[in-house]
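Student: I would like to learn how to read a protein model feature by feature. Could you take me through one?

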Amino acid sequence: MQTIKQEVMWPKFVANKFLRKMLGSNNIVADFPNSTETMLELEETSSTSSDQASLISSRKYITGDQGRHKIFVGSWNVGGVAPPDDLNMEDWLCTHTDPADIYVLGFQEVVPLNAGNIVLGLENSKICSRWNSLIREALNNSISKHVQEDKVGEFYKVHPLKNHSIASLDKSSNNFPHCFDCITSKQMVGIFITVWVRNDLLPYIQHPSVSCVGCGIMGCLGNKGSVSVRFCLHETSFCFVCSHLASGGKEGDEKNRNANAIEILSSTRFSRGPLRNLPRKILDHDQVIWLGDFNYRIYLPHTTTRSLVQKKEWNILLERDQLKAELMKGHVFQGWREGIIEFAPTYKYYQNSQVYYGCDQKRKGEKKRAPA
């Protein structure tokens with residue numbers, strides 16, 4: 001019996017060791033230079049006993065002694081499809097209508113979740129660079145447009161120089177539209193998180209750190225799990241957890257998702273910093289926001305769900321939402337607060353369409369999936 005147990009556990013042991021080596025890579029992208037204060041640190045994870053979640057508040061506006069800062073947080077499962085070069089992300093990021101000071105963007109399935117990508121766990125720097133290029137263009141292109149539109153406005157001042165005048169940007173003005181830089185960007189298989197900060201805030205960003213937890217195949221591979229980012233802004237510590245939890249629409253599959261969330265809370269570990277005084281666990285931080293594809297479904301037949309979606313009966317749908325039920329039962333995310341949901345279920349559309357998977361009458365034999 002002892003020999004059988006060792007044979008069963010051996011593949012998982014090897015996978016754990018292999019995955020930790022991959023997750024421990026230093027392939028982290030950032031715009032600003034490293035220093036003893038801002039060097040990114042990647043903490044290797046290990047499985048320990050689970051933590052109970054406590055009340056952590058997250059707000060769109062974070063107010064402190066150093067002022068009021070607005071944070072935009074978004075999540076997108078891109079289905080393993082590389083972004084086209086002409087993808088315009090400005091509408092999603094609200095750069096013109098409602099710009100923020102900090103942008104935290106989480107993606108799932110940035111690469112196809114095939115055996116090669118999952119088992120090898122290699123980071124695809126090309127695909128991540130493409131996403132970051134599009135984000136940089138969206139965030140900073142709106143600023144350049146703003147400046148061009150204000151050529152005769154308050155952003156410009158004229159300096160006399162002999163017989164010439166030089167027009168320059170007046171960055172001392174509080175109204176000057178600052179550019180954005182990436183402070184950290186990290187991929188684990190299909191999960192990718194990237195954080196962008198207004199560049200005048202960069203001097204106040206300290207101790208960025210990243211922690212990856214794999215919860216996928218064999219309980220440890222990176223097709224499911226989380227990539228978490230920690231940093232401090234002034235005296236406030238922030239933690240953003242980007243996750244992709246277990247899939248499956250069968251009864252009882254929600255328990256796998258619950259287990260993933262508990263494992264992420266338990267195993268995520270950040271560096272303590274040079275003075276060993278920085279928060280190490282997710283719940284040790286002042287502000288925590290959890291984003292991603294949680295994969296919880298709706299407890300209704302797919303025909304009923306689609307009918308309610310067409311009628312925009314969000315409250316009825318939410319009453320049968322699997323995550324809401326698990327929260328009420330105290331099985332997961334105890335004390336956490338979910339944002340207001342006033343939009344249609346985002347799972348699962350045909351690519352580049354508003355048609356739910358399995359609803360196209362022209363495609364026979366496809367599995368019907370209930371929106372979630």
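Tutor: What follows is a walk through strands, cores, a helix and a few single residues.

Student: Before we begin, what kind of model is this, and how many helices and strands does the protein chain have?

Tutor: This is a predicted model, and it should be read as such throughout. The protein chain has eight helices and twelve strands, and of its 372 residues 45% count as buried. Among contacts between residues at least 6 apart in sequence, 68% join residues at least 24 apart.

Student: How should I read a strand such as E10, and are its faces covered or open?

Tutor: In a regular strand the side chains alternate between the two faces of the sheet. In E10, Gly225, Val227, Val229, Phe231 and Leu233 lie on one side, while Ser226, Ser228, Arg230 and Cys232 lie on the other, and all of these residues are buried, which leaves both faces covered. Because nine of the nine residues of E10 are buried, the strand is largely enclosed by the rest of the structure.

Student: Which strands pair with E10, and in what direction do they run?

Tutor: E9 is joined to E10 by eight bridges, and these two strands run antiparallel; in this pairing Ile205 stands opposite Leu233 of E10. E10 is also joined to E11, again antiparallel, by nine bridges, and the bridge partner of Cys232 in E11 is Ser237. E10 and E11 form a hairpin with two residues between the strands, where His234 takes a positive phi near 55°.

Student: Continuing from E11, how does the chain reach E12, and what is the handedness of that unit?

Tutor: E11, helix H5 (residues 253-267) and E12 together make a β-α-β unit that is right-handed. The strands E11 (residues 236-244) and E12 run parallel and are joined by seven bridges, with Cys239 standing opposite Val288 in E12. E12 itself, spanning residues 287-293, is mostly covered, since six of its seven residues are buried.

Student: Which residues touch the most other members of the largest nonpolar core?

Tutor: In soluble globular proteins, nonpolar side chains tend to be buried together. Here the largest nonpolar core has 27 residues, and those that touch the most other members are Ile102, Val195, Val197, Phe231 and Phe240. Two or more residues of this core come from each of the strands E4, E7, E8, E9, E10, E11 and E12. A second, separate core has 21 residues, including Ala100, Cys128, Phe180 and Cys182.

Student: Taking one core residue, what is Val195 in contact with beyond its neighbours within four places in sequence?

Tutor: With those neighbours left aside, the contacts of Val195 include Ile102, Tyr103 and Val104, then Asp181, Cys182, Ile183 and Thr184, and also Val229 and Phe231.

Student: Turning to helices, which residues of H8 are buried, and why do they line one face?

Tutor: An α-helix has 3.6 residues a turn, so residues three or four places apart point the same way. In H8 (residues 322-329), the buried residues are Gln322, Leu323, Ala325 and Glu326. Seen down the axis of H8, these buried residues fall within an arc of 160°, so they line one face of the helix. What covers them includes H5.

Student: What is found at the ends of H8?

Tutor: The N-terminal end of H8 is capped by Asp321, with a side-chain oxygen that lies 3.3 Å from the backbone nitrogen of Leu323. After H8 comes Gly330, which has a positive phi near 75°.

Student: Gln322 is found in H8, so is it buried or exposed, and what does it touch?

Tutor: Gln322 is buried, with a relative accessible area of 4%. The side chain of Gln322 makes a polar contact of 2.9 Å with the side chain of Arg257. Residues up to four places away in sequence not being counted, Gln322 touches Glu254, Arg257, Tyr296, Arg297 and Tyr299.

Student: For comparison, how should I read a loop residue such as Asp200?

Tutor: Asp200 lies in the loop between E8 and E9 and counts as partly exposed because its relative accessibility is 26%. The side chain of Asp200 makes a polar contact with that of Arg198 at 2.5 Å. Asp200 and Asp101 are 99 residues apart in sequence, yet 9.6 Å apart in space, C-alpha to C-alpha.

Technical notes. Residues are numbered from 1 along each chain as its sequence is written. This is a predicted model: local features need pLDDT of at least 70, side-chain atom pairs count only at pLDDT 80 or more; totals for chains, interfaces and linings use all residues. Side-chain values use heavy atoms; hydrogens and water are left out. Buried means under 20% relative accessible area, exposed over 50%, partly exposed in between (1.4 Å probe, protein chains only). Helices (H or I, at least four residues) and strands (E, at least two) are DSSP runs, numbered from the N terminus. Two strands pair if DSSP finds at least two bridges between them. A crossover is right-handed if, with the strands pointing away from the viewer, the path from the first strand over the helix to the second runs clockwise. A nonpolar core is a set of buried Ala, Val, Leu, Ile, Met, Phe, Trp, Tyr and Cys residues joined through side-chain atoms within 4.5 Å. Contact means heavy atoms within 4.5 Å. The arc is that of the directions from the helix axis to the C-beta atoms. A polar contact is a pair of N or O atoms within 3.5 Å; within protein, one must be able to donate a hydrogen and the other to accept it, and residues adjacent in sequence count only if both atoms are side-chain atoms.
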